[in-house]
Amino acid sequence: MKLVLVTNRNLALKMPFLQVIRECCIAGINEIHLREKDLPARQLYELASRVKSITAKYGVPLVISHDVSVALAVEASGVHLGFSSLPLEKAREICSQQKLRIGVSVHSLSDTEQAQGADYIIAGHIFPTACKEDLEPKGTAFLQELKKLVQIPVIAIGGISPENIGKLNRLNIDGAAIMSGLMTAEKPAKYVEQIMTGLTIIKQ
Amino acid sequence: MAAKRDNIDFRLYAVTDRKVLKGIKLEEAVEQAILGGATIVQVREKEVSTLEYINIATKVKAVTDKFNIPLVVNDRVDVALAVDADGVHVGEDDMPVKIARALLGSNKIIGVSFPDIARCYQAYLDGADYLGVGAVYGTTTKPDAGEGIGLKVLADIKQQVPLPVVAIGGIGHHNAKEALETGVDGIAVISSLFSGGNIRENAERLKDLLA
């Protein structure tokens with residue numbers, strides 16, 4: 001099971017954003033998703049270039065959320081699409097030369113229809129989280145149902161912490177993605193270690 | 001389709017704005033503009049999701065393709081790629097010209113707008129095809145553009161950067177002629193084309209001034 005950092009630089013108040021990235025890389029995070037929805041293309045491109053220079057150094061795959069052009073421009077490992085992003089098949093077409101992995105977010109079992117053709121899905125939110133306070137968490141049962149429905153890797157997201165990560169262990173899912181916990185941690189590297197202690201990590 | 005990057009006719013450059021359309025679909029408005037003489041079209045959307053932008057651009061492209069008129073997407077290289085537009089128009093907040101050129105390839109049109117001559121010139125070096133320069137006059141469609149740069153600055157940029165220049169911002173029937181006299185290659189219009197009366201006739205009247 002792999003551990004994924006999903007970024008939100010606006011939450012990185014305890015230390016510079018790039019330092020969070022670096023600490024997570026050093027601590028052995030398996031993948032980083034740059035998800036900075038509020039940035040216009042140029043700023044996202046510039047930030048992605050800086051993040052890429054760190055992740056590349058540690059051999060950590062970088063995935064860009066939403067903007068395929070930025071993913072291509074920084075030669076990311078993948079692009080992650082939401083339902084207001086460009087359609088999956090379009091993304092596949094555009095990315096054909098760079099062979100980007102394409103992921104899709106899934107919030108219900110019926111969403112899986114739109115995930116057809118994706119390389120993996122991120123499913124959530126699983127546990128209660130401050131990011132989605134007004135929405136009921138899906139719980140681990142959602143992940144089990146998903147695993148029956150799809151053949152591609154499933155990564156859980158939403159409220160995952162060192163305290164509850166153990167609940168994901170027996171579900172046969174492929175990864176756990178964390179945003180707030182890591183972005184707001186006093187010591188992100190320590191936080192990664194704590195999470196990993198609770199996980200059965202298979203290094204890629 | 002053959003590359004449209006060569007010999008682009010910039011004379012009447014139609015920039016879309018769904019907000020100023022009065023009860024007519026965007027693609028119909030664009031068709032009327034083309035029938036009236038628009039030579040190039042830019043689809044410009046500011047507050048929509050990527051998916052909506054793609055859907056809108058796809059509809060507009062069906063029209064521009066029908067008339068073999070180049071379609072440029074404002075701001076977004078990803079949308080331009082997704083709909084296989086003929087080009088993209090980028091500014092300060094958008095993808096750098098060099099990167100846009102690398103992603104779009106050599107057959108696509110890249111237009112740029114920057115507030116100073118130095119960056120316009122750099123854009124030329126980086127592979128831009130034309131400049132959108134403005135706002136020439138104060139304009140209602142871009143409230144933050146202020147009073148406008150005026151004809152003198154427009155003429156300066158045209159002289160100093162070896163790229164076609166399209167003048168934009170507050171240009172209409174009453175002042176198109178004087179804007180053209182600065183030597184620019186075309187005028188870009190939103191309001192004076194789309195916001196009132198008969199779009200086709202608006203275009204025809206503007207086109208007459210450009211002859």
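# A tour of a two-chain predicted model

Select B:His173 to begin: with 13 other C-beta atoms within 10 Å, this residue is partly exposed. What you have open is a predicted model, and every value given along the way is computed from it. B:His173 sits in the loop that runs between strand S7 (165-168) and helix H7 (176-180) of chain B. If you now add B:Ser192, B:Arg205, B:Leu206 and B:Leu209 to the selection, you have the residues that B:His173 touches once those up to four places away in sequence are set aside. For a longer line across the chain, draw a distance from B:His173 to B:Val41: the two are 132 residues apart in sequence, and their C-alpha atoms are 18 Å apart in space.

**Into the core**

Move next to B:Ala167, which is one of the residues with the most contacts inside the largest nonpolar core, a set of 139 residues. Selecting B:Val166, A:Ala123, A:Ala156 and A:Ala176 as well completes the group named for the most contacts in that core. Around B:Ala167, and leaving aside neighbours within four places in sequence, the contacts to display are B:Val133, B:Gly134, B:Val136, B:Leu154, B:Ala179, B:Val184, B:Ile187 and B:Ala188.

One of those contacts, B:Gly134, leads to the next stop, since a cis peptide bond joins B:Gly134 and B:Ala135, with omega about 0°. B:Ala135 itself is placed in the loop between strand S6 (130-134) and H6 of chain B. Chain A also offers a cis peptide bond to inspect, this one joining A:Gly124 and A:His125 with omega about -5°, and A:His125 lies in the loop between strand S6 (120-123) and helix H5 (139-149) of chain A. Most peptide bonds are trans.

**Two helix pairs in chain B**

Select residues 26-35 and 50-66 of chain B, which are helices H1 and H2; they pack at an angle of about 30° with their axes 9 Å apart. H1(B) and H2(B) are therefore roughly parallel to each other, and H1(B) passes H2(B) in a right-handed crossing. To see the contact, show B:Leu26, B:Glu27, B:Val30, B:Glu31 and B:Ile34 on H1(B), together with B:Ile56, B:Lys59, B:Val60, B:Ala62, B:Val63 and B:Thr64 on H2(B). Coloured by class, the residues of this contact comprise 7 nonpolar, 1 polar and 3 charged.

The second pair is helix H5 (residues 117-126) and helix H6 (residues 150-160) of chain B, whose packing angle is about 35° and whose axes are 10 Å apart. Here too the crossing of H5(B) past H6(B) is right-handed. The contact consists of B:Ile117, B:Cys120 and B:Tyr121 from H5(B) and B:Asp156, B:Ile157 and B:Gln160 from H6(B), a set that divides into 4 nonpolar, 1 polar and 1 charged.

**Where the chains meet**

Display both chains and turn to the contact between them, to which chain B and chain A each contribute 16 residues. On the chain B side, H2, helix H3 (77-83) and helix H4 (97-104) are the elements that give two or more residues. H3(B) gives the most to this side, with 4 residues. By class, the side of chain B that touches chain A has 9 nonpolar, 2 polar and 5 charged residues.

**Chain A: a helix and two unusual backbone angles**

Cross to chain A and select helix H1 (residues 17-27), in which A:Val20, A:Ile21, A:Glu23, A:Cys24, A:Cys25 and A:Ala27 are buried. Those buried residues pack against strand S1 (2-6), strand S2 (31-34), helix H2 (41-58), helix H6 (180-183) and helix H7 (188-197) of chain A. Just beyond the end of H1(A), look at A:Gly28, which takes a positive phi of about 100°.

Most residues other than glycine have a negative phi. With that in mind, select A:Glu75, whose phi is positive, near 50°; this residue lies in the loop between helix H3 (68-73) and strand S4 (78-81) of chain A. A:Glu75 is partly exposed, with 13 other C-beta atoms within 10 Å. The last stop is A:Asn172, which is not a glycine but has a positive phi of about 65°, and which is found in the loop between strand S7 (154-157) and strand S8 (175-178) of chain A. A:Asn172 has 11 other C-beta atoms within 10 Å and is exposed.

Technical notes
Residues are numbered from 1 along each chain as its sequence is written. Chains are lettered from A and ligands numbered from 1 in the order in which they are written. This is a predicted model: local features need pLDDT of at least 70, side-chain atom pairs count only at pLDDT 80 or more; totals for chains, interfaces and linings use all residues. Axes are lines fitted to C-alpha atoms, for helices over the stretch in contact, and angles run from 0 to 180 degrees between N-to-C directions. Angles under 35 degrees count as roughly parallel, over 145 as roughly antiparallel, 65 to 115 as roughly perpendicular and the rest as oblique. A crossing is left-handed if the near helix is turned anticlockwise from the far one by less than a right angle, and right-handed if clockwise. Two residues are in contact if their C-beta atoms, placed from the backbone, lie within 7 Å. Ala, Val, Leu, Ile, Met, Phe, Trp, Tyr, Cys and Pro count as nonpolar, Asp, Glu, Lys and Arg as charged, and the others, Gly among them, as polar. A nonpolar core is a set of buried Ala, Val, Leu, Ile, Met, Phe, Trp, Tyr and Cys residues joined through C-beta atoms within 7 Å. A residue is buried if 20 or more other C-beta atoms lie within 10 Å of its own, exposed if 12 or fewer, and partly exposed in between; C-beta atoms are placed from the backbone.
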